[in-house]
Amino acid sequence: MTINEKQDQIIEDFSISDDWFDRYAMLIDMGQELKALPEDKKTPENLIDGCQSRVWITARMEGGNLIFEGDSDALIVKGILSLLISILSGHAPEEIVHSDLYCIDRIGMREHLSPTRSNGLASMIKVMMAYATAFSQK
């Protein structure tokens, strides 16, 4: 699936309910499905600045595609991270760099997050894009 196809699927999944309590529950479920990051990768270098919660993101190349891993100590934030990973992981760095993460706005996530979580979301996206940029230049 392309990045846009994944986003369209997320939009469809989240359109099942207009209730943001249900949507938060969906995010929490997504976070619970995210594979735990090994403790040896929970280092200060992988810790994301700008998040109120502790969030770690790592990336590696595998077969020409960028694979993201991550974890958080907060349920909703871990769900947001899982959402981002599900969209971007497994794609070429150049594709990621040129992607438009339109699903975030279309499902109404930005308007329903607290200011600190919105800042955290922006920080996670910034780090993932920085990884993609760095790997695209190698």
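**Helix packing, core and side-chain pairs in the predicted model**

In helix α7, the buried residues are G120, L121, S123, M124, I125, M128, M129, A132 and F135. The structure described here is a predicted model. Helix α7 comprises 22 residues, and its end-to-end C-alpha distance is 31 Å, close to the 32 Å expected at 1.5 Å a residue. The cover over the buried residues of α7 includes strands β1 and β2 together with helices α3, α4 (93-97), α5 (103-106) and α6 (109-112).

Two of the buried positions in α7 were examined individually. S123 belongs to helix α7, which spans residues 115-136. With a relative accessible area of 15%, S123 falls under the 20% limit and therefore counts as buried. A polar atom of the S123 side chain lies 3.1 Å from the backbone oxygen of D49. When neighbours within four places in sequence are set aside, the contacts of S123 are I48, D49, G50 and C51. The second position is M124, which touches I48, C51, V55, I57, V77, I80, L81 and L84, residues up to four places away in sequence not being counted. I48 and C51 thus appear among the contacts of S123 and also among those of M124.

Helix α3 covers residues 75-88, 14 in number, and reaches 20 Å from its first C-alpha to its last, close to the 20 Å expected at 1.5 Å a residue. This helix is mostly covered, with twelve of its 14 residues buried. The buried residues of α3 are I76, V77, K78, G79, I80, L81, S82, L83, L84, I85, I87 and L88. Among these, V77, I80, L81 and L84 are touched by M124. Just after α3, G90 adopts a positive phi of about 90°.

The largest nonpolar core contains 39 residues, of which F68, I80, L84, M109 and M124 touch the most other members. Two or more residues of this core come from each of α1 (3-14), α2, β1, β2, α3, α5 and α7. The largest contribution is that of α3, which gives nine residues. In soluble globular proteins, nonpolar side chains tend to be buried together.

Three aromatic pairs were counted. In one of them, W20 and Y24 are arranged edge-to-face, at 5.2 Å centre to centre and with 65° between the planes. Because W20 and Y24 are four residues apart in helix α2, about one helical turn separates them. Both W20 and Y24 are buried. A further edge-to-face pair is formed by F68 and Y131, with a centre-to-centre distance of 6.3 Å and an angle of 70° between the planes. F68 lies in strand β2 and Y131 in helix α7, so this pair ties together parts that are 63 residues apart in sequence. F68 is buried, its relative accessible area being 3%. One aromatic cluster is made up of F68, Y131 and F135. F68 is also one of the core residues that touch the most other members, and F135 is one of the buried residues of α7.

Nine salt bridges are present in the structure. One of them joins the side chains of R23 and D18, at 4.0 Å from N to O. The two partners differ in exposure: R23 is buried at 9% relative accessible area, whereas D18 is exposed at 70%. Another salt bridge connects K42 and D71, whose closest N and O atoms are 3.2 Å apart. This pair links distant parts of the chain, 29 residues apart, since K42 is in the loop between α2 (20-33) and β1 (55-62) and D71 is in strand β2 (residues 65-72). K42 is partly exposed, with a relative accessible area of 25%, while D71 is buried at 4%. A salt bridge is also formed between the side chains of E69 and R60 (3.6 Å, N to O). R60 is partly exposed, at 34% relative accessibility. Through shared partners, salt bridges join E39, K42, D71 and K78 into one network. Within this network, K78 is one of the buried residues of α3.

Methods
Residues are numbered from 1 along each chain as its sequence is written. This is a predicted model: local features need pLDDT of at least 70, side-chain atom pairs count only at pLDDT 80 or more; totals for chains, interfaces and linings use all residues. Side-chain values use heavy atoms; hydrogens and water are left out. Buried means under 20% relative accessible area, exposed over 50%, partly exposed in between (1.4 Å probe, protein chains only). A polar contact is a pair of N or O atoms within 3.5 Å; within protein, one must be able to donate a hydrogen and the other to accept it, and residues adjacent in sequence count only if both atoms are side-chain atoms. Contact means heavy atoms within 4.5 Å. The expected span of a helix is 1.5 Å times one less than its number of residues. A nonpolar core is a set of buried Ala, Val, Leu, Ile, Met, Phe, Trp, Tyr and Cys residues joined through side-chain atoms within 4.5 Å. Rings of Phe, Tyr and Trp (its six-membered ring) pair if their centres lie within 6.5 Å; planes under 30 degrees apart count as stacked, over 60 as edge-to-face and the rest as tilted.
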